[in-house]
Amino acid sequence: MNARTLTVLLAGGLLAAWAAAQHPTGGLAHERLELLKANRPLLEDLLGHGLSLGDKNSALDRARESRETTNRLARELRSAVYAEDADRIAEMTDLYNRVWKEAFAPNLCEARDTIPPHSEAYKQVREMHRRAAKDVADLAAGIPAGGPVGTLARVKTARTQLEAAAADLGPEPADPGPAPGDDAK
Amino acid sequence: MTCDVVRTRLLALPDAARPTDDLLTHLAACAACRAVQAEAARLDAVLAALPVPSSEARKNTFLDSLAADGPVIRSIPVLPSTLAGSGAFRPVGSWLKRLDLRWVGGVAAAAALTVGGVWYANRPKPVQQEVAAKPRQELLKKYTDHHNALAKARTAPARLTTYTRWSDDIQAEACSMSNAAGQVEMNSLATQYERMVADGVEKQAKQVAEQPMTVDDRQKVLRDAIAKLTAAETEARRLEPDARTDARTALKRIADAATAGRKTLTLIAEARGAP
């Protein structure tokens, strides 16, 4: 190999190294950027719900705000089902379950156990329990059980998780019956 | 030789009127087979007498119409080969000559359509394989975790801690992505950071100040938040000058929000009474 060939190769190598260093997005950074772009609206909404939670001083209010969050994630999950994106279905189900189990269900149960049965707030707890149980059942039913996506293990798991989620809410709040004093009316 | 064998061979003869010697022996003794031979010979004669419409003129007209648009290969040259020269394909060749090409084309087209239709109906469907899952955004999971921590938090100090961590995660994401993210993403992160500091950290810090506690306890509660805001401010200002134009504005906003938050929290921490 003569000196000229060696010089050309060396110059080429240096040029390639310089070009690679100039490129702002490597594989990992590019991947992160794509995720940031895709999730930006969802991130902004989660942040909004998180800030709202800071103002909620009752279990019922926290349950209500957490339910808004689960509704937002459910919307994202339905979009993933529509797009037949198995990974996104699994990811959104995972996030939904986290919020459901760690934020919504504990606060709703606390509200059910602490709010006086004949109060207006208790009626709201009962209604929220009923609707949330129905919504999560509908959400589970919306995940395909067959077809190219429904047969994948992670989608089956997602569906199973959602089917079991209603149990986290515990027993339906009992009907308190007529309030004391109503009999006299 | 049985009658069945004789009749089969009679039908296979090119000319049923001229049977071979061994067949003649049987025919001489079997009236039934003679009747079959007579019928076969009569059919051969009838078929040979049938008029065959000449298609030569029509074929030539059709070929000429094709050739009118340009050069056309009228015949495929046949290379001499020992097999071809041996005459082994002669019967096939003569059979092909007798075929009507229009029928052959039609049958071929029908076969192609049938095969295509069957294939289309049974074509392999795209199936998502059980491959490794695509990467998930860690930031999204962190947001959810912070959200859930806030749903459990019952006191201002607990909320302050969570909002401080949350703002820290946003600032870290913005700084690490400042060389890659576009203006929309960077502006979004800057807005989120501003909101988190103003409506989360500062708001809860003010609630901490309203709670009955000693100055030392209050400073202890606020110390971590002030340290994180200071670090965020330093990091954003360090990156700002070398960042792309798109990112520079966002980093400046983050640094300014961190500065404002730090000042507010420092004032609350150093206040002797309720601010």
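I began with a pair inside chain B, where the side chains of Asp246(B) and Arg244(B) meet in a salt bridge, 3.8 Å from N to O. The model I am reading is a predicted one. I then looked up how far each partner is open to solvent: Asp246(B) is partly exposed, with a relative accessible area of 29%, and Arg244(B) is also partly exposed, at 30%.

**Interface, extent**

I turned next to the contact of the two chains, to which chain A brings 49 residues and chain B brings 45 residues. Between them, chain A and chain B bury about 4,000 Å², and 57% of this lies on carbon and sulfur atoms. I asked which three residues supply more of the area that chain A buries against chain B than any other three. They are Leu36(A), Leu47(A) and Leu51(A), which supply 16% of that area.

**Interface, polar side**

Across the interface of chain A and chain B I noted 7 salt bridges, along with 19 residue pairs in polar contact, both residues of a pair being at pLDDT 80 or more. For the side of chain A that touches chain B, I listed the elements that give two or more residues: helix H2 (27-53), helix H3 (59-82), helix H4 (86-114), helix H6 (147-150) and helix H7 (153-165), all of chain A. The one that gives the most is H2(A), with 19 residues. Sorted by character, the residues on this side of chain A divide into 21 nonpolar, 11 polar and 17 charged.

One salt bridge that I looked up by name is formed by the side chains of Glu110(A) and Arg154(B), with N and O at 2.9 Å.

**Salt bridges, over all chains**

I recorded a count of 37 salt bridges over all chains. Among them is the one between Arg98(A) and Asp145(B), whose closest N and O atoms are 3.3 Å apart. Arg98(A) lies in helix H4 of chain A, whereas Asp145(B) lies in helix H8 (residues 138-152) of chain B, so this pair joins two chains. Asp145(B) counts as partly exposed because its relative accessibility is 27%.

I compared this with a pair in chain A, Glu127(A) and Arg130(A), which form a salt bridge with their closest N and O atoms 2.7 Å apart. Both residues lie in helix H5 (residues 120-142) of chain A, 3 residues apart, which is about one turn of the helix. Glu127(A) counts as partly exposed at 30% relative accessibility, and Arg130(A) counts as partly exposed at 42%.

I also noted a network of salt bridges in chain A, which links Asp45(A), Arg72(A), Glu76(A), Arg88(A) and Glu91(A).

**A buried glutamate**

My last entry concerns Glu202(B), which lies in helix H10 (residues 183-210) of chain B. Which side chain of opposite charge is nearest to Glu202(B), and how many Å away is it? It is Lys206(B), at 4.5 Å. A salt bridge needs a nitrogen of Lys or Arg within 4 Å of a carboxyl oxygen of Asp or Glu, and Glu202(B), although buried, has no salt bridge. I then looked up what surrounds this residue: leaving aside residues up to four places away in sequence, Glu202(B) touches Val197(B), Ala260(B), Gly261(B), Thr264(B) and Leu265(B).

Notes. Residues are numbered from 1 along each chain as its sequence is written. Chains are lettered from A and ligands numbered from 1 in the order in which they are written. This is a predicted model: local features need pLDDT of at least 70, side-chain atom pairs count only at pLDDT 80 or more; totals for chains, interfaces and linings use all residues. Side-chain values use heavy atoms; hydrogens and water are left out. Contact means heavy atoms within 4.5 Å. Buried area is the accessible area (1.4 Å probe) that two parts lose on being put together, summed over both. A polar contact is a pair of N or O atoms within 3.5 Å; within protein, one must be able to donate a hydrogen and the other to accept it, and residues adjacent in sequence count only if both atoms are side-chain atoms. Helices (H or I, at least four residues) and strands (E, at least two) are DSSP runs, numbered from the N terminus. Ala, Val, Leu, Ile, Met, Phe, Trp, Tyr, Cys and Pro count as nonpolar, Asp, Glu, Lys and Arg as charged, and the others, Gly among them, as polar. Buried means under 20% relative accessible area, exposed over 50%, partly exposed in between (1.4 Å probe, protein chains only). Lys and Arg count as positive and Asp and Glu as negative; His and the chain ends are not counted.
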